[in-house]
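This briefing goes through one chain and its ligand, topic by topic. Please keep the structure open beside the text while reading.

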Amino acid sequence: MKINTIYYEDCIEGMRNRIGEGSIDLIIADPPFGIDFHKMGNQYNRKAEYVVRGYNEIASEDYYEFMWQWLKEAHRVLKETGSCYIISGWTNLKDVLNAIDDVNLHIINHIIWKYQFGVFTKRKFVTSHYHILFTVKHPKKYYFNKIEHYPEDVWVIKRPYRPGKEKNSTKLPEALVEKLILYSSREGDLVLDPFMGNGTTAVVCVKTHRYYIGFEINPDCQRIIDQEIQEAKYITQTQKTSKEEPKTQKSITQFLKS
Ligand SMILES: C[S@@+](CC[C@H](N)C(=O)[O-])C[C@H]1O[C@@H](n2cnc3c(N)ncnc32)[C@H](O)[C@@H]1O
């Protein structure tokens, strides 16, 4: 297993072949939701030309099996003190919950993430939340760093709006991933993201001094992920050496070219 590495392959095979039992401190997983985002087109406020092709979706009828397969590996690779956060829409939530039970992960919290940009509807309520299932391998041994005095289970965090920037179809806000990482890991811990997408978990790991390892089945994401990680390294490096705010897009571009 090589740390600070993303493998462009199926995460189930990848975890099986590359990651040893009990070696991961924290898993952040934002799997495909089993709904067809492509059909939704611009409803999600994205211009098609900025969205990377080849996003890998799972058919609804295969969803439980897919969840069970990767969660079984997730359970195996987690340390006894480890946690696994699973982000899910509501459509296939029952399969997610059943698979969590069936691989013997324990649910500690059911967090609701409320975002903006819900899809316009005529005859039903607008969905503007996701579920984040906070699960652990061992209910008495898991690490939890209570960074807020009164940590509630409803989080209002805006989705990033990054006009003109290329991205995979869905991207989590860094603020959300940072919250998960700060609550459930220490500096120097190893964080696994089986569904890297745009590399948000890797970026936040760089910024918060954690190690990362991950998988992404779509090789077209590599270009975006590499660029995002380079930017994160630059930002972290300049914050260490300077008290000013040097993060203009121009200085980042110059750094990436050098
Ligand atoms: C919801 S997106 C993740 C977005 C990511 N959290 C971010 O912030 O950018 C899910 C990703 O999982 C990838 N994927 C789907 N099936 C996979 C598999 N079996 N192994 C690895 N990656 C997979 C998709 O290509 C997609 O990029």
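A residue is taken as near the ligand if its C-beta atom, placed from the backbone, lies within 6 Å of the ligand. The model is predicted, and in it 22 residues surround the ligand. The chain itself has 258 residues, of which 34% count as buried, and its secondary structure comes to eight helices and eight strands.

**Ligand surroundings**

- Among the 22 residues that surround the ligand, the closest are D30, F195, G197, N198 and T200.
- By residue class, the shell around the ligand divides into eleven nonpolar, seven polar and four charged residues.

**The sheet**

- Eight strands form an open sheet with mixed pairing, and their order across the sheet is 1-8-7-2-3-5-4-6.
- At the edges stand strand 1 (5–7) and strand 6, each of which pairs on one side only, while the twist from one strand to the next averages 20°.
- Pairing between strands of a sheet is made through backbone hydrogen bonds, and it can be either parallel or antiparallel.
- Strand 2 (residues 24–29) pairs with strand 3 (residues 78–88) in the parallel sense over five bridges, and within this part of the sheet I27 has C84 in strand 3 as its bridge partner.
- Strand 4 (residues 106–114) pairs with strand 5 (residues 129–136) in the antiparallel sense over eight bridges, where I111 has I132 in strand 5 as its bridge partner.
- Strand 4 also pairs with strand 6 (residues 154–156), here in the parallel sense and over three bridges, with I112 standing opposite V154 in strand 6.

**A helix across the sheet**

- Helix 6 (residues 200–208) lies across strand 1, strand 2, strand 7 (190–193) and strand 8 (211–215), and the helix runs at about 170° to strand 8.
- T200, one of the residues closest to the ligand, falls within the residue range of helix 6.

**Core and contacts**

- The largest nonpolar core holds 55 residues, and within this core I27, A29 and Y85 touch the most other members.
- Helix 3 (residues 63–77) supplies the largest share of this core, namely six residues.
- When residues up to four places away in sequence are not counted, Y85 touches I28, A29, I132, L133, F134 and L180; I132 is also the bridge partner of I111.
- Considering contacts in the chain between residues at least 6 apart in sequence, 74% join residues at least 24 apart.

Notes. Residues numbered from 1 in each chain as written. Predicted model: local features only at pLDDT ≥ 70, side-chain atom pairs only at ≥ 80, totals over all residues. Nonpolar A, V, L, I, M, F, W, Y, C, P; charged D, E, K, R; others polar. Helix = DSSP H or I, 4+ residues; strand = E, 2+ residues; numbered from the N terminus. Buried ≥ 20, exposed ≤ 12 C-beta atoms within 10 Å, placed from the backbone. Contact = placed C-beta atoms within 7 Å. Pairing = 2+ DSSP bridges. Core = buried A, V, L, I, M, F, W, Y, C linked by C-beta atoms within 7 Å. Axes fitted to C-alpha atoms, helices over the stretch in contact; angles between N-to-C directions.
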